[in-house]
Amino acid sequence: MSEPHVLIAGGGIGGLTLALTLHQIGVRATVFEAAREMRPLGVGINLQPNAVRELMDLGIGTDALDTVGLPAREWALVGLNGREIYAEPRGLEAGYAWPQYAMHRGLFHVLLYETVINRLGPDAVRMGTRVSSYEHLPDGRVSVTCTDARGDVVRHDGTLLIGADGIHSTIRAQMYPDQPPIHWGGILMWRGTTRMRPIRTGSSFVGLGTHRHRMVVYPISHPDPDGICTVNWIAEQTVAPGHRWEKSGWFRPVEIDSFAHEFDGFRYDWLDVPAMLRASDIAYENPMIDRNPIPTWVDGPVALMGDAAHAMYPTGSNGASQAIVDARVLGQSMVARGVTPDALAAYDAALCAPVSQLVLRNREAGPFGLLNLVHERCGGAFDNIDEVIPPDERAAFVAGYKQAAGFAIERLNAAPPTIPQGAKVAAAR
């Protein structure tokens with residue numbers, strides 16, 4: 001029998017983490033990435049402690065992560081009047097055994113790519129190669145049809161195929177040809193970065209405003225000697241029902257003056273949002289979109305992961321983290337069951353249902369749902385938040401999200417490694 005070989009459609013965060021995981025457990029992998037070159041695209045993301053734990057188990061530690069971001073120290077929600085609704089420590093300061101990281105998504109992506117090339121070799125990632133379809137082979141394996149960097153149509157056969165090709169996944173579209181269109185809930189996001197002094201703790205994630213009109217602000221680099229760092233910001237607004245969100249594209253560059261006036265009232269003694277926006281070099285417009293959950297992520301020797309499986313609103317800062325966890329649970333399943341469809345079925349049984357619920361929870365605003373409660377109970381203006389939502393209720397609301405997203409402190413700290421050190425894949429059965 002030939003050596004097991006896993007084909008990975010998509011070289012994003014999830015696909016590259018899976019390639020590293022498969023290498024760790026002794027499985028050959030090839031990544032097919034449609035982009036012709038790996039560039040540091042995007043702005044800020046957060047990696048929760050459950051994902052940072054998995055990166056560290058892959059040998060990607062704080063020395064590497066500090067080159068692309070910094071540990072988060074606090075998560076806070078602030079009302080439109082500038083008064084605090086809720087705040088708590090994050091990462092190590094909250095008692096986790098691993099930090100939470102805020103980082104530049106593109107720089108982190110390149111870090112993963114370079115790590116894959118260094119460990120698996122230069123042929124492990126086929127840039128400029130787009131997977132267009134798959135076919136089940138009579139022997140139980142799978143074949144993919146690709147268009148390579150020269151424009152030639154080629155086929156590659158493998159033991160398993162993992163679709164890590166994002167929200168517009170061609171693998172998912174073949175698996176579910178009648179799936180509903182992408183879901184949009186009416187929110188536009190504008191994203192960018194500004195060089196400035198960080199607020200609050202110096203590494204705080206702050207959600208500010210109302211459930212329909214808000215800002216998210218957090219640093220994604222360590223400060224320089226003058227105390228200046230790169231601060232990521234996201235401006236969000238619910239727009240009219242008839243808005244053609246499809247024209248917004250994804251990370252479409254826009255002029256800051258085209259939207260900044262919507263946030264002119266966000267001025268406080270601790271943060272001047274209009275000044276922050278106008279100090280940014282560039283802004284990107286994105287619709288806040290996801291996909292409806294599907295009953296299974298698996299079709300025999302084919303499985304989905306990351307956004308291809310469970311694209312979700314970024315309200316819980318959990319999309320990239322879940323893609324990393326997906327990769328590790330796939331590896332765990334192969335260690336136990338070999339490079340087989342049985343391993344994919346076990347992965348699906350472990351994650352599909354609970355993560356599908358997380359998609360719907362994020363659609364309902366995730367932990368930002370506290371802003372909804374404030375609006376419902378007092379219209380958004382308050383002098384004493386304890387009279388609007390008692391402290392215990394606020395804490396329980398956030399704790400419930402952590403539990404659903406897989407990073408409740410006690411549970412995560414007590415859990416054994418997803419893949420034990422030195423574990424290798426079982427022989428195919």
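This tour moves through a predicted model one selection at a time.

**Helix α1**

Begin by selecting residues 13-24, which form helix α1. Its 12 residues should span 16 Å at 1.5 Å a residue, and the C-alpha atoms at its ends are 17 Å apart, so the expected and computed values agree. How many residues of α1 are buried? Of the 12 residues, 11 are buried, and the helix is mostly covered. Among them are I13, G14, G15 and L16, and the buried set also includes T17, L18, A19, L20, T21, L22 and Q24. Continue past the end of the helix to G26, where phi is positive, near 85°.

**The eight-stranded sheet**

Next, display the open sheet of eight strands as a cartoon. Its strands follow the order β6-β5-β14-β15-β16-β13-β18-β17, and the pairing is mixed. Select residues 84-89 for β6 and 252-254 for β17, the strands at the edges. Each of these has a single partner strand, so one side of each is left without a neighbour in the sheet. Across this sheet, neighbouring strands are turned against each other by 20° on average, direction ignored.

**Strand β15 and its partners**

Within this sheet, select residues 213-219, strand β15. All seven of its seven residues are buried, so β15 is largely enclosed by the rest of the structure. In a regular strand, side chains alternate between the two faces of the sheet. Which residues of β15 lie on each side? H213, M215, V217 and P219 are on one side, with R214, V216 and Y218 on the other; all are buried, and both faces of the strand are thus covered.

Add β14, residues 204-209, to the selection. β14 and β15 form a hairpin with three residues between them. The two strands run antiparallel and are joined by four bridges. To inspect one position of this pairing, show V206, which stands opposite V217 in β15.

Now add β16, residues 229-238, which pairs with β15 in the antiparallel sense over seven bridges. Here, show R214 together with E236: R214 stands opposite E236 in β16.

**The loop before β14**

Step back along the chain to R200, in the loop between β13 (183-196) and β14 (204-209). The phi angle of R200 is near 55°, a positive value in a residue other than glycine. Is R200 buried, exposed or partly exposed? Its relative accessibility is 38%, and R200 therefore counts as partly exposed, since that class lies between the 20% limit for buried and the 50% limit for exposed.

**The three-stranded sheet**

Move to the open sheet with the order β9-β10-β11, in which three strands pair antiparallel. The edge strands are β9, residues 130-136, and β11, residues 153-158, each of which pairs on one side only. Neighbouring strands of this sheet are turned by 25° against each other on average, direction ignored. Select β10, residues 142-147, together with β11 to view their antiparallel pairing over six bridges. One pair to show is T145 with R155, its bridge partner in β11.

**The second largest pocket**

Turn now to a pocket. Rolling a probe the size of a water molecule over the atoms shows where empty space is left. The second largest pocket holds about 570 Å³ of space. Of the 24 residues in its lining, select V325, V329, L351, G406 and R411, which are the closest to its centre.

Colour the elements that give two or more residues to this lining: α2 (49-57), α8 (319-337), α9 (341-363), α11 (391-405) and α12 (409-414). Which element provides the largest share of the lining? That element is α9, with five residues. By residue class, the lining divides into 15 nonpolar, six polar and three charged residues.

**Y401 in helix α11**

Finish at Y401, whose place is in helix α11, one of the elements that contribute to the pocket lining. Y401 has a relative accessible area of 3% and is buried. Then select P367, 34 residues apart from Y401 along the chain. The C-alpha atoms of Y401 and P367 are separated by 6.2 Å.

Definitions and conventions:
Residues are numbered from 1 along each chain as its sequence is written. This is a predicted model: local features need pLDDT of at least 70, side-chain atom pairs count only at pLDDT 80 or more; totals for chains, interfaces and linings use all residues. Side-chain values use heavy atoms; hydrogens and water are left out. Buried means under 20% relative accessible area, exposed over 50%, partly exposed in between (1.4 Å probe, protein chains only). On a 1 Å grid over the protein atoms alone, a cavity is a set of points where a 1.4 Å probe fits but cannot get out, and a pocket is an open set with protein on both sides within 12 Å along at least five of seven lines; lining residues have an atom within 4 Å of a point. Grid points are joined across faces, edges and corners, and a volume is the space filled by probe spheres set on the points. Ala, Val, Leu, Ile, Met, Phe, Trp, Tyr, Cys and Pro count as nonpolar, Asp, Glu, Lys and Arg as charged, and the others, Gly among them, as polar. The expected span of a helix is 1.5 Å times one less than its number of residues. Two strands pair if DSSP finds at least two bridges between them. Axes are lines fitted to C-alpha atoms, for helices over the stretch in contact, and angles run from 0 to 180 degrees between N-to-C directions.
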